Amino acid sequence: MYAKLIIDGDAVYETDEECLRQKKEEKETKEKGKKGEQKK
């Protein structure tokens, strides 16, 4: 698991790179499906 720390003032956030990658792929897949529907 790869993680990235984001420091914003007094707040510290840890992001899960693998989770972000999966969400990005899901979003791209949904966008491709929508583009295919628009062409019809």
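Start with the salt bridges, of which the structure holds two, a salt bridge being a side-chain nitrogen of Lys or Arg within 4 Å of a carboxyl oxygen of Asp or Glu. The model is a predicted one, in which local features need pLDDT of at least 70 and side-chain atom pairs count only at pLDDT 80 or more, while totals for chains, interfaces and linings use all residues. Residues are numbered from 1 along each chain as its sequence is written, and side-chain values use heavy atoms, with hydrogens and water left out.

Select Arg 21 and Glu 18, whose closest N and O atoms are 2.4 Å apart in a salt bridge; both residues lie in helix α1, three residues apart, about one turn of the helix. Then add Glu 25, whose side chain meets that of Arg 21 in a salt bridge at 2.6 Å, N to O. Arg 21 and Glu 25 are both in helix α1 as well, four residues apart, again about one turn of the helix. With the three residues shown together, you have Glu 18, Arg 21 and Glu 25 linked in a network of salt bridges. Side chains of opposite charge can pair when their charged atoms come close.

How buried or exposed is Arg 21? Arg 21 is partly exposed, at a relative accessible area of 38%, where buried means under 20% relative accessible area, exposed over 50%, and partly exposed in between (1.4 Å probe, protein chains only). Glu 18 is partly exposed at 36%, and Glu 25 counts as partly exposed at 40%.

Next, colour the chain by secondary structure, which comes to one helix and two strands, running β-β-α from the N terminus on. Helices (H or I, at least four residues) and strands (E, at least two) are DSSP runs, numbered from the N terminus.

Now select strand β1 (residues 3-8), which pairs with β2 in the antiparallel sense over six bridges; two strands pair if DSSP finds at least two bridges between them. Along this pairing, Ile 7 stands opposite Val 12 in β2, and the bridge partner of Asp 8 in β2 is Ala 11. The two strands form a hairpin with two residues between them, and Gly 9 in the turn has a positive phi of about 65°.

Stay on the strands and show the surface of Leu 5, Ile 7 and Val 12, which make a nonpolar patch of about 340 Å². Such patches are made of residues with over 30% relative accessible area and no salt bridge, where like charges are joined within 9 Å and nonpolar side chains (Val, Leu, Ile, Met, Phe, Trp, Tyr) within 5 Å. Val 12, in strand β2, is exposed, with a relative accessible area of 54%. Strand β1 is hardly covered, with zero buried residues among its six.

Zoom out to the whole chain, where 2% of the 40 residues count as buried. The chain exposes about 4200 Å², of which carbon and sulfur atoms supply 51%; accessible areas come from the Shrake-Rupley method with a 1.4 Å probe, and for residues only the protein chains shown count as cover.

Finally, colour by pLDDT, the predictor's confidence in each residue, from 0 to 100. The chain averages 84, and 85% of the residues score at least 70. Confidence is lowest in helix α1 (residues 17-39), at a mean of 83, and highest in strand β2 (residues 11-16), at 90.
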